[in-house]
There are 2 protein chains.
Amino acid sequence: MDLPSTQAETETTGLTPLQEQVVGYFVDLVRVLGLPRSLGEIYGLLFINPDPLSLDDLVRLLGISKGSASQGLRTLRTLGAVKEADGNGDRRTYYQPSVELKPLVGGFIREQVRPHLDSGKSKLRILEEIADKTSDHEDREFFLDRINRLDSWMKRGGQVLPVLKKMLGQ
Amino acid sequence: MDLPSTQAETETTGLTPLQEQVVGYFVDLVRVLGLPRSLGEIYGLLFINPDPLSLDDLVRLLGISKGSASQGLRTLRTLGAVKEADGNGDRRTYYQPSVELKPLVGGFIREQVRPHLDSGKSKLRILEEIADKTSDHEDREFFLDRINRLDSWMKRGGQVLPVLKKMLGQ
DNA sequence: CAATTAGTTCAAGTTTTTTTGAACTACGGG
DNA sequence: CCCGTAGTTCAAAAAAACTTGAACTAATTG
């Protein structure tokens, strides 16, 4: 665990004021990204802690349940936002954050953005089929035009992602 | 209102199959963006309807409450995603969607992204002050380094937005 | 102006999402 | 092997987000 020894912890949370603020910062951040609060808490604490922390540390320091911590860590690992700290002979696993933007953005895109883009594309094909069945000519043209537009939105989205990754990741 | 006359409406929703699918498509889309379902329903129906629709039309066709429709339309207007249709002498207001990506992306960035980036920046300054009070030298350096890193994340975010806007908006 | 209808507001209700915690599996050391 | 602890799972509880609907304001029209 290793609290930074230079700051007292508050009664309520078990965190130093700095830790509390940073955790709050990340809670807000993940909320914007549509991820659950606990992910922000966990990542935030790992981010501002000089040493890796174990699941139990997180439970104790953040005052969250083992279940939350376990699931939160799993998601963060999937996102590539935390890694196991290497080289602790102990039985329990310690975690450290990825602090480079690149893997964070990459993971978010891979896990949260791409799947939706992809499933969106296949839904569009179905949409087009339905629209194509419209018997009235003028209506059909209108519908197909709108669906084309959606198609072009998605294409642009797909083009933007690599650029995003390149700009954000180093 | 003006249902496209060439497709029967289903019992449950008052929408044609195509409308239903498109609405569903946008419901999923706004969910990814972290916006409420009703926004997707309203925008989706406006998007696929050849003519502008009034608040009452939306209530009737989508089966949502007047309150939802009113608030949903307000948010969509704020985002620049719908506009009042011009030139209907009627008392009630008719709405049409913005179908260009540019205002949509621009509005989303302006309303949903920028504010968080900005408030994030000011929170960082506070964070830095707290970290700077750390008496242990090594800890302080570590904390300040991490906060610097956050700073640089935010800066990159700020740089990316204009590029995003340029790429997506025409 | 009174009546009627368009639209807004917000407290209460509903739905969805997240968190909890207890039961479970799995591993490792004595 | 058996005990103790690390970590997972998932049904139920709690919290958060969204929607409803009734009371309201505002604006038009006969």
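These are my notebook entries on a predicted model, covering the surface near DNA strand D, the contact between chains A and B, and the strands of chain B.

**Entry: DNA strand D**

I looked up which residues surround DNA strand D and found 21 of them, among which A:G67, A:S70, A:T93, B:S38 and B:G67 come nearest. Sorting the residues of this surface by class, I noted 4 nonpolar, 9 polar and 8 charged. I then asked which elements each supply at least two residues here, and these are α3 (55-62) and α4 (66-78) of chain A together with α2 (37-48) and α4 (66-78) of chain B. The most is given by α4(A), with 6 residues.

**Entry: chain A against chain B**

I turned next to the contact between the two chains, which takes 37 residues from chain A and 37 residues from chain B. On the side of chain A that touches chain B, two or more residues come from each of α1 (17-32), α2 (37-48), α5 (101-132) and α6 (137-168) of chain A. I recorded α6(A) as the source of the largest share, 13 residues. By class, this side of chain A holds 23 nonpolar, 8 polar and 6 charged residues.

**Entry: strands of chain B**

I followed β3 (residues 94-97) of chain B, and noted that B:Y95 and B:P97 make up its covered face, whereas B:Y94 and B:Q96 make up the uncovered one. Strand β1 (residues 53-54) of chain B runs antiparallel to β3(B) and is joined to it by 2 bridges, with B:S54 partnered by B:Y94. Strand β2 (residues 82-84) of chain B is also antiparallel to β3(B), joined through 3 bridges, and here I found B:V82 partnered by B:P97.

Technical notes
Residues numbered from 1 in each chain as written. Chains lettered and ligands numbered in written order. Predicted model: local features only at pLDDT ≥ 70, side-chain atom pairs only at ≥ 80, totals over all residues. Near = placed C-beta within 6 Å. Helix = DSSP H or I, 4+ residues; strand = E, 2+ residues; numbered from the N terminus. Nonpolar A, V, L, I, M, F, W, Y, C, P; charged D, E, K, R; others polar. Contact = placed C-beta atoms within 7 Å. Buried ≥ 20, exposed ≤ 12 C-beta atoms within 10 Å, placed from the backbone. Pairing = 2+ DSSP bridges.
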